[in-house]
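User: I'm new to this structure and would like a close look at one part of it. Could you take me through the main pocket, and then a couple of residues worth knowing?

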Amino acid sequence: MKRTSILVAGVSLAVLLAGCSDSSDSGGSSTSTSKAASTSAAEQSLDLSKFGTLPAVPPPAAATVDCAYPEGQPAAKDVTPPPTTGVSTEGTVPVDLQTSAGPIGLVLDRAEAPCTVNSFTSLAQQGYFDDTPCHRLTTEVGLQVLQCGDPSGKGTGGPGYGFDTEYPETAFAPNDPALANPVVYPRGTVAMANSGQPGSNGSQFFLVYADSVLPPNYTVFGSISEEGLATVEKIAADGDDGSMSAGGGKPNTPVQIETAKVG
C-alpha cells in the first residue's frame, strides 16, 4: 500500500467545526484553506462541550493477543519489526523522551492498545526515535498537538511496516456511524497518526497539549507527564511556520528527540 501522507487529522479543523456552527454547510473539501479562514472566529470560541468524549476502554479479552505488522513502504530508518505473538494486554510502560526542548515523559497503556505499545516500545528499544525531529506542530483552538516519530522529518516516513487502529476505534462496532463523529482527545493524550487508510499506523505519533477535537480513528495508547506537557507547551508557545496545508507546520523552535528510553 502506498502511503502518501500521514496526518494527525484526515479532515480540516473547519470540517470538525461544522457540527457546532450555525452554518448548514457540510464542510466541503477537507483541505479547503478558504473554509478554514472563514471559520477562524468560530475556532477561537470553540465549545468543546458540543463534542463527545472518548468511550470507556473495553476490557481485554485475554492476557495476551497476537498482532500483525505487515510490510509496507520502505523504512525511513532500518528497524526490525516487533514480535507478533504473546503480546501482553496488561500493565503500563514508562518511556522517557529526552528532547532538545526538555524531557517528555510518557506512560503507555497496554490495555488501551497492546499492539501499538508493543510496536512503540520495540522501536524505542532499537533506537529508532533517537536523533529524530518532531516535524509538525498545530496551534489552532481545537487541534493542539505536536507530531513526532518520522526520522525523515517529512511527515511521510515510517518503520517499513503498518498495523491496524486500536482504541478508541475498537470500542465501536464495525461501520458504526459514530466513528465519523468528532470527540475530544483530552490534554495529555498520546495517540498514533495515520493516513486514514486501514493498516496505516506506523511510527508517527502525536502529543495532545490542549483538548483537541478528532474523529475516534486515532489510536490512544498512553498519557504525557505534567513535566512533559510543560515542555510541549513551551514548544507550542513559539508557534509554527504554517507550512502544512492540513494545518500547522514545522515548530518555529526546532525540536529533536535525542533519546527514547523504555523504563
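**The pocket and two residues**

Analyst: Let's start with the largest pocket, which is lined by 22 residues; Val65, Glu112, Pro114, Glu166 and Thr170 are the ones that lie nearest its centre. Keep in mind that this is a predicted model. The volume of the largest pocket comes to about 340 Å³. As for what its lining is made of, 14 of the residues are nonpolar, five are charged and three are polar.

Now on to Ser203, which you'll find in the loop that runs between strand S10 (189-192) and strand S11 (205-210). Is Ser203 buried or exposed? Its relative accessibility is 2%, so Ser203 counts as buried, the cut-off for that being under 20%. Its side chain makes a polar contact with the side chain of Tyr128, at 3.0 Å. A polar atom of that same Ser203 side chain also lies 2.7 Å from the backbone oxygen of Gly149. If you skip the neighbours within four places in sequence, Ser203 is in contact with Tyr128 and Gly149 again, plus Leu123, Phe129, Cys148, Gly157, Gly158, Pro159 and Met192.

Tyr128 leads us to Thr259: the C-alpha atoms of these two are separated by 9.1 Å, though they sit 131 residues apart along the chain. Thr259 lies in strand S14, residues 256-262. With 25% relative accessibility, Thr259 counts as partly exposed, whereas Ser203 is buried. Again leaving aside neighbours within four places in sequence, Thr259 is in contact with Asp96, Leu97, Gln98 and Asp130.

Notes. Residues numbered from 1 in each chain as written. Predicted model: local features only at pLDDT ≥ 70, side-chain atom pairs only at ≥ 80, totals over all residues. Heavy atoms only, no water. 1 Å grid on protein atoms, 1.4 Å probe; cavity = no way out; pocket = protein on both sides within 12 Å on 5 of 7 lines; lining within 4 Å. Points joined across faces, edges and corners; volume = space filled by probe spheres on them. Nonpolar A, V, L, I, M, F, W, Y, C, P; charged D, E, K, R; others polar. Helix = DSSP H or I, 4+ residues; strand = E, 2+ residues; numbered from the N terminus. Buried < 20%, exposed > 50% of the residue type's maximum accessible area, 1.4 Å probe, protein only. Polar contact = N/O pair within 3.5 Å; in protein donor to acceptor, adjacent residues only side chain to side chain. Contact = heavy atoms within 4.5 Å.
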